[in-house]
Amino acid sequence: MLCPRCHSDLSQISDKGIFLFFCPACHGQAVTMSGMRSLGIEEDSIRKIWSAAVKGKLGNELPCPECGNLMCVVKIDDGQTVFSIDVCTKCHILWFDSGELEKIPLTPAEKVEELPQRAREILAEHAIKNVKPPADHSGLMYASYRNFRIPSEEEMPFALIIAALNLIIRLFLR
(Lines give C-alpha, C1' and ligand atoms only; values in the text may rest on other atoms or scores of the structure.)
Protein backbone atom coordinates (compact mmCIF):
# COMPACT_ATOMS: atom_id res chain seq x y z
CA MET A 1 0.00 0.00 0.00
CA LEU A 2 1.16 3.50 -0.77
CA CYS A 3 0.81 6.62 1.35
CA PRO A 4 -1.94 8.80 -0.13
CA ARG A 5 -0.04 11.95 0.89
CA CYS A 6 3.58 11.31 -0.24
CA HIS A 7 3.27 7.97 -2.14
CA SER A 8 5.85 6.18 0.05
CA ASP A 9 5.37 2.51 0.93
CA LEU A 10 3.33 2.10 4.10
CA SER A 11 4.67 -0.09 6.90
CA GLN A 12 2.30 -2.36 8.80
CA ILE A 13 2.60 -2.01 12.56
CA SER A 14 0.65 -3.52 15.43
CA ASP A 15 -0.59 -1.34 18.27
CA LYS A 16 -2.57 -2.98 21.10
CA GLY A 17 -3.23 -5.95 18.81
CA ILE A 18 -4.58 -3.66 16.06
CA PHE A 19 -2.87 -3.46 12.70
CA LEU A 20 -2.15 0.07 11.52
CA PHE A 21 -0.41 1.23 8.38
CA PHE A 22 2.23 3.87 9.01
CA CYS A 23 4.10 6.10 6.57
CA PRO A 24 7.76 6.37 7.62
CA ALA A 25 8.20 9.49 5.45
CA CYS A 26 5.30 11.76 6.49
CA HIS A 27 4.19 9.84 9.64
CA GLY A 28 0.58 9.51 8.49
CA GLN A 29 -1.48 6.50 9.59
CA ALA A 30 -4.22 4.40 8.01
CA VAL A 31 -6.68 2.72 10.38
CA THR A 32 -9.86 0.74 9.71
CA MET A 33 -13.17 1.66 11.36
CA SER A 34 -13.04 -1.54 13.43
CA GLY A 35 -9.47 -0.65 14.39
CA MET A 36 -10.72 2.70 15.69
CA ARG A 37 -13.13 0.90 18.02
CA SER A 38 -10.41 -1.47 19.19
CA LEU A 39 -8.08 1.46 19.91
CA GLY A 40 -10.70 2.81 22.33
CA ILE A 41 -11.85 5.78 20.27
CA GLU A 42 -15.21 7.11 21.53
CA GLU A 43 -18.12 5.47 19.72
CA ASP A 44 -19.79 8.85 19.32
CA SER A 45 -16.70 10.22 17.54
CA ILE A 46 -16.64 7.20 15.21
CA ARG A 47 -20.33 7.69 14.36
CA LYS A 48 -19.81 11.38 13.62
CA ILE A 49 -16.82 10.65 11.38
CA TRP A 50 -18.68 7.95 9.45
CA SER A 51 -21.84 10.03 9.09
CA ALA A 52 -19.85 12.99 7.71
CA ALA A 53 -17.95 10.69 5.32
CA VAL A 54 -21.15 9.14 3.95
CA LYS A 55 -22.62 12.60 3.36
CA GLY A 56 -19.36 13.57 1.62
CA LYS A 57 -20.15 17.30 1.54
CA LEU A 58 -16.54 18.46 1.84
CA GLY A 59 -15.34 16.72 -1.31
CA ASN A 60 -12.54 14.33 -2.07
CA GLU A 61 -8.83 14.89 -2.01
CA LEU A 62 -6.61 11.84 -1.44
CA PRO A 63 -6.71 8.34 -2.94
CA CYS A 64 -7.43 5.44 -0.60
CA PRO A 65 -4.23 3.50 0.13
CA GLU A 66 -6.20 0.23 -0.25
CA CYS A 67 -8.51 0.63 -3.27
CA GLY A 68 -7.29 3.87 -4.89
CA ASN A 69 -10.75 5.55 -4.88
CA LEU A 70 -10.84 9.14 -3.68
CA MET A 71 -11.52 9.41 0.06
CA CYS A 72 -14.05 11.83 1.57
CA VAL A 73 -12.71 14.75 3.59
CA VAL A 74 -14.16 14.96 7.12
CA LYS A 75 -13.62 17.95 9.41
CA ILE A 76 -12.88 17.13 13.05
CA ASP A 77 -13.21 19.65 15.87
CA ASP A 78 -11.47 18.39 19.01
CA GLY A 79 -12.40 21.49 20.99
CA GLN A 80 -8.99 23.12 20.55
CA THR A 81 -8.26 22.81 16.85
CA VAL A 82 -10.11 21.90 13.68
CA PHE A 83 -8.45 19.44 11.33
CA SER A 84 -9.54 17.15 8.52
CA ILE A 85 -9.11 13.44 7.98
CA ASP A 86 -9.82 11.36 4.89
CA VAL A 87 -12.24 8.42 4.93
CA CYS A 88 -12.77 5.71 2.30
CA THR A 89 -16.43 4.67 2.48
CA LYS A 90 -15.68 1.60 0.35
CA CYS A 91 -12.79 0.12 2.38
CA HIS A 92 -13.72 1.73 5.74
CA ILE A 93 -10.18 3.10 6.04
CA LEU A 94 -9.40 6.41 7.72
CA TRP A 95 -6.26 8.36 6.87
CA PHE A 96 -4.72 10.51 9.61
CA ASP A 97 -1.89 12.91 8.86
CA SER A 98 0.90 13.05 11.44
CA GLY A 99 -0.45 13.65 14.98
CA GLU A 100 -4.15 13.65 14.05
CA LEU A 101 -5.07 10.19 15.39
CA GLU A 102 -3.93 11.20 18.88
CA LYS A 103 -6.39 14.12 18.85
CA ILE A 104 -9.48 11.88 18.52
CA PRO A 105 -11.10 11.44 21.98
CA LEU A 106 -10.71 8.06 23.64
CA THR A 107 -13.49 6.27 25.48
CA PRO A 108 -12.96 6.80 29.21
CA ALA A 109 -12.04 3.57 30.98
CA GLU A 110 -14.84 2.11 33.06
CA LYS A 111 -14.27 2.43 36.76
CA VAL A 112 -14.85 -0.96 38.32
CA GLU A 113 -15.54 -0.92 42.01
CA GLU A 114 -14.15 -3.90 43.86
CA LEU A 115 -16.29 -5.68 46.43
CA PRO A 116 -15.02 -5.84 50.01
CA GLN A 117 -13.05 -8.99 50.88
CA ARG A 118 -15.83 -10.49 53.05
CA ALA A 119 -18.42 -10.04 50.27
CA ARG A 120 -16.12 -11.82 47.78
CA GLU A 121 -15.65 -14.68 50.28
CA ILE A 122 -19.44 -15.06 50.75
CA LEU A 123 -19.97 -15.14 46.97
CA ALA A 124 -17.21 -17.75 46.58
CA GLU A 125 -18.68 -19.94 49.34
CA HIS A 126 -22.12 -19.71 47.73
CA ALA A 127 -20.69 -20.67 44.34
CA ILE A 128 -18.89 -23.69 45.82
CA LYS A 129 -22.05 -24.91 47.57
CA ASN A 130 -23.94 -24.77 44.27
CA VAL A 131 -21.38 -26.75 42.24
CA LYS A 132 -23.05 -29.62 40.41
CA PRO A 133 -21.27 -32.52 38.72
CA PRO A 134 -20.76 -32.11 34.97
CA ALA A 135 -23.51 -33.43 32.71
CA ASP A 136 -21.05 -35.32 30.50
CA HIS A 137 -19.41 -38.67 31.25
CA SER A 138 -16.93 -37.16 33.68
CA GLY A 139 -19.82 -37.02 36.17
CA LEU A 140 -19.67 -40.81 36.46
CA MET A 141 -16.33 -40.58 38.19
CA TYR A 142 -17.59 -37.78 40.46
CA ALA A 143 -20.66 -39.80 41.46
CA SER A 144 -18.59 -42.90 42.21
CA TYR A 145 -16.31 -40.93 44.56
CA ARG A 146 -19.18 -39.19 46.30
CA ASN A 147 -20.98 -42.49 47.08
CA PHE A 148 -17.80 -44.49 47.64
CA ARG A 149 -17.73 -47.40 50.06
CA ILE A 150 -15.08 -50.06 50.47
CA PRO A 151 -16.24 -53.27 48.72
CA SER A 152 -16.38 -56.55 50.63
CA GLU A 153 -13.96 -59.41 49.82
CA GLU A 154 -16.55 -61.05 47.56
CA GLU A 155 -17.13 -57.78 45.66
CA MET A 156 -13.42 -56.87 45.32
CA PRO A 157 -12.72 -58.57 41.94
CA PHE A 158 -15.83 -57.00 40.42
CA ALA A 159 -14.97 -53.60 41.91
CA LEU A 160 -11.48 -53.74 40.38
CA ILE A 161 -12.94 -54.66 36.98
CA ILE A 162 -15.47 -51.83 37.19
CA ALA A 163 -12.77 -49.36 38.25
CA ALA A 164 -10.51 -50.46 35.38
CA LEU A 165 -13.37 -50.20 32.87
CA ASN A 166 -14.26 -46.76 34.21
CA LEU A 167 -10.64 -45.66 33.72
CA ILE A 168 -10.48 -47.11 30.19
CA ILE A 169 -13.78 -45.46 29.21
CA ARG A 170 -12.60 -42.09 30.53
CA LEU A 171 -9.37 -42.39 28.54
CA PHE A 172 -11.25 -43.12 25.31
CA LEU A 173 -13.82 -40.34 25.86
CA ARG A 174 -11.14 -37.64 25.95
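**Figure 1. The whole chain and how far to trust it.** Across this predicted model, the chain averages a pLDDT of 79, and 80% of the residues score at least 70. The part to take with a pinch of salt is 138-145, where the pLDDT is below 50; beyond near neighbours in sequence, that stretch has 6 contacts in the model. The secondary structure amounts to 5 helices and 7 strands. Walk along from the N terminus and the elements come up as β-β-β-α-α-β-β-β-β-α-α-α. Of the 174 residues in the chain, 25% are buried. About 12300 Å² of surface is exposed, with carbon and sulfur atoms supplying 59% of that area. As for how the chain folds back on itself, take the contacts between residues at least 6 apart in sequence: 44% of them join residues at least 24 apart.

**Figure 2. Arg 5 reaches across the sequence to Asp 97.** By the salt-bridge rule used here, the count comes to 8. One of the pairs to look at is Arg 5 with Asp 97, whose side chains meet at 2.8 Å, N to O. These two come from distant parts of the chain, 92 residues apart: Arg 5 sits in the segment before strand 1 (11-15), while Asp 97 belongs to the loop between strand 7 and helix 3. Arg 5 counts as partly exposed because its relative accessible area is 34%. The pair isn't on its own, either: Arg 5, Glu 61, Asp 86 and Asp 97 are linked in a network of salt bridges.

**Figure 3. Asp 86, a buried member of the network.** Here we zoom in on strand 6 (residues 82-88), home of Asp 86. With a relative accessibility of 3%, Asp 86 counts as buried, since the cut-off for that label is under 20%. Who surrounds Asp 86? Setting aside residues up to four places away in sequence, Asp 86 touches Arg 5, Glu 61, Leu 62, Met 71, Cys 72, Val 73, Ile 93, Leu 94 and Trp 95. Two names on that list, Arg 5 and Glu 61, also turn up with Asp 86 in the salt-bridge network.

**Figure 4. Glu 100, buried without a salt bridge.** Glu 100 lies in the loop between strand 7 (93-96) and helix 3 (117-129). Which side chain of opposite charge is nearest to Glu 100, and how far away is it? That would be Arg 5, at 6.3 Å. Glu 100 is buried but makes no salt bridge, because a salt bridge needs the nitrogen and the carboxyl oxygen within 4 Å. What the side chain of Glu 100 does reach is the backbone nitrogen of Asp 97, at 2.7 Å. Leaving out neighbours within four places in sequence, Glu 100 is in contact with Phe 83, Ser 84, Ile 85 and Trp 95.

**Figure 5. Ile 104, buried further along that loop.** Ile 104 is also found in the loop between strand 7 and helix 3. Its relative accessible area is 3%, so Ile 104 is buried. Not counting residues up to four places away in sequence, Ile 104 touches Met 36, Ile 41, Ser 45, Ile 49, Ile 76, Phe 83 and Phe 96. Ile 104 and Glu 42 are 62 residues apart in sequence, yet their C-alpha atoms are 8.0 Å apart in space.

**Figure 6. Asp 77, out in the open.** Asp 77 is part of strand 5 (residues 70-77). Buried or exposed? Asp 77 is exposed, because its relative accessible area is 58%. Lys 103 is 26 residues from Asp 77 along the chain, and their C-alpha atoms are separated by 9.3 Å.

**Figure 7. Two more salt bridges, Arg 47 with Glu 43 and Glu 125 with Arg 118.** The side chains of Arg 47 and Glu 43 meet at 3.9 Å, N to O. Both belong to helix 2 (residues 43-55), and because they are 4 residues apart there, about one helical turn separates them. Glu 43 is partly exposed, with a relative accessible area of 32%. In the other pair, Glu 125 and Arg 118 meet at 4.0 Å, N to O. Both partners are partly exposed: Glu 125 has a relative accessibility of 40%, and Arg 118 has a relative accessible area of 47%.

How values were computed. Residues are numbered from 1 along each chain as its sequence is written. Side-chain values use heavy atoms; hydrogens and water are left out. Buried means under 20% relative accessible area, exposed over 50%, partly exposed in between (1.4 Å probe, protein chains only). Lys and Arg count as positive and Asp and Glu as negative; His and the chain ends are not counted. A polar contact is a pair of N or O atoms within 3.5 Å; within protein, one must be able to donate a hydrogen and the other to accept it, and residues adjacent in sequence count only if both atoms are side-chain atoms. Contact means heavy atoms within 4.5 Å. pLDDT is the predictor's confidence in each residue, from 0 to 100. Accessible areas come from the Shrake-Rupley method with a 1.4 Å probe; for residues, only the protein chains shown count as cover.
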